[in-house]
Amino acid sequence: MAHENIVVVGIDGSEAGGAALEWAHAQARAREARLHIVCGYELPSQYMTPEFQVNQGNANHLFDSAKRIVDQAVESVEGQGVEVTSALEFGDPTEVLVEISKRVALVVVGGRTQNTNRLADRLLRTVSSAVPANAYCPTVVVPTDSPDSHIPIERVVCGVDGSRHSKMALQRAVWEADRWHAKLKIITAVNPAAAGWVPAHEFREEHLDEMEDEIAKALAEVDEGRQIETEIVAMEGSPAHLLAQESEDADLIVLGTRGRGGFTGLLLGSTSQTLLGYSACPTMVVPRRVRLGDDVGPGPVQYVDPDEPGIVAEE
């Protein structure tokens, strides 16, 4: 089912939420989408009684605080060329955003902060790792302590492993590069420490060349003829370490869910958690639940041919 052209941003009044809001607003403008600002809140379980009603309004300090956060966020982005809506949702923030992700194009949340010992920061990291792992649409995690907002996006880096799921991430990376007129660097990696077998030294260069050729074929299947400045690199090393290094010079990292090869366990294992914790730029995670036809890229309207489900054609 096609998702609506809506960019959702989860906020909580923190610096991280502010960084996510700034990035989401720019993305909504770039893709001519509606920006939907969401604040999910809940009371500790000991206060959850049958008599509790969210519409008690001023009787509930938590409700008042959350409403104030949303109102301030809306005021900060209104009248800047983007349609803005908002919602105050009672419930666990992760559950709220995952449910919304079933019908929107993109979810944006704040990521790591420098104050790693604060309870609020620990809760924030829970949301920024749980939402990408469970969402039905791509999720972007925006680091708080980044030197700039990474807007406009000029350099996109995509990590792939040759699996079907990483091909979906590659398609989204192509769309972002096209939308922002950015350069696209595609990286595939073999991790000698995790691989069951690595070719001998004299064969490694040939093996890496073959990997690059396979990625080039995958790119041709998803780029839809777009003219994008692209670089493909196959290398040895830890995927998390390599992509964290790339994030220092990139404006957006794009990843798929776990597949085969060097990126095994990318989303649900330690690699993704490491990268989301240390990436210096916003990171887009494209989950396994994303399907062809959920969203469309920039340019001509496209549809998925029902007779050729793997082919996206112009309308």
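## Cavities in a predicted model

Eleven names matter here, and they surround one space: Gln-27, Arg-31, Ala-105, Leu-106, Pro-138, Arg-172, Trp-175, Glu-176, Arg-179, Met-284 and Asp-295 line the largest cavity. The model is predicted.

How many cavities of 30 Å³ or more does a search of the whole structure find? The answer is three. Two of them are described below.

**The largest cavity.** Its volume is about 70 Å³. Two elements, β4 (104–110) and α5 (164–180), each give at least two residues to the lining. Which element supplies the largest share? That is α5, with four residues. By class, the lining holds five nonpolar residues, five charged residues and one polar residue.

**The second largest cavity.** This one holds about 50 Å³ of space. Its lining consists of Arg-164, His-165, Met-168, Val-286, Pro-287, Arg-288, Val-290 and Arg-291. Here, too, α5 provides the largest share of the lining, with three residues. Four lining residues are nonpolar, three are charged and one is polar.

The table sets out the two cavities.

| Cavity | Volume | Residues from α5 | Lining by class |
|---|---|---|---|
| Largest cavity | about 70 Å³ | four residues | five nonpolar, one polar, five charged residues |
| Second largest cavity | about 50 Å³ | three residues | four nonpolar, one polar, three charged residues |

To find these spaces in the structure, start at α5. This helix gives the largest share of the lining to the largest cavity, and α5 does so for the second largest cavity as well.

Technical notes
Residues are numbered from 1 along each chain as its sequence is written. This is a predicted model: local features need pLDDT of at least 70, side-chain atom pairs count only at pLDDT 80 or more; totals for chains, interfaces and linings use all residues. Side-chain values use heavy atoms; hydrogens and water are left out. On a 1 Å grid over the protein atoms alone, a cavity is a set of points where a 1.4 Å probe fits but cannot get out, and a pocket is an open set with protein on both sides within 12 Å along at least five of seven lines; lining residues have an atom within 4 Å of a point. Grid points are joined across faces, edges and corners, and a volume is the space filled by probe spheres set on the points. Ala, Val, Leu, Ile, Met, Phe, Trp, Tyr, Cys and Pro count as nonpolar, Asp, Glu, Lys and Arg as charged, and the others, Gly among them, as polar.
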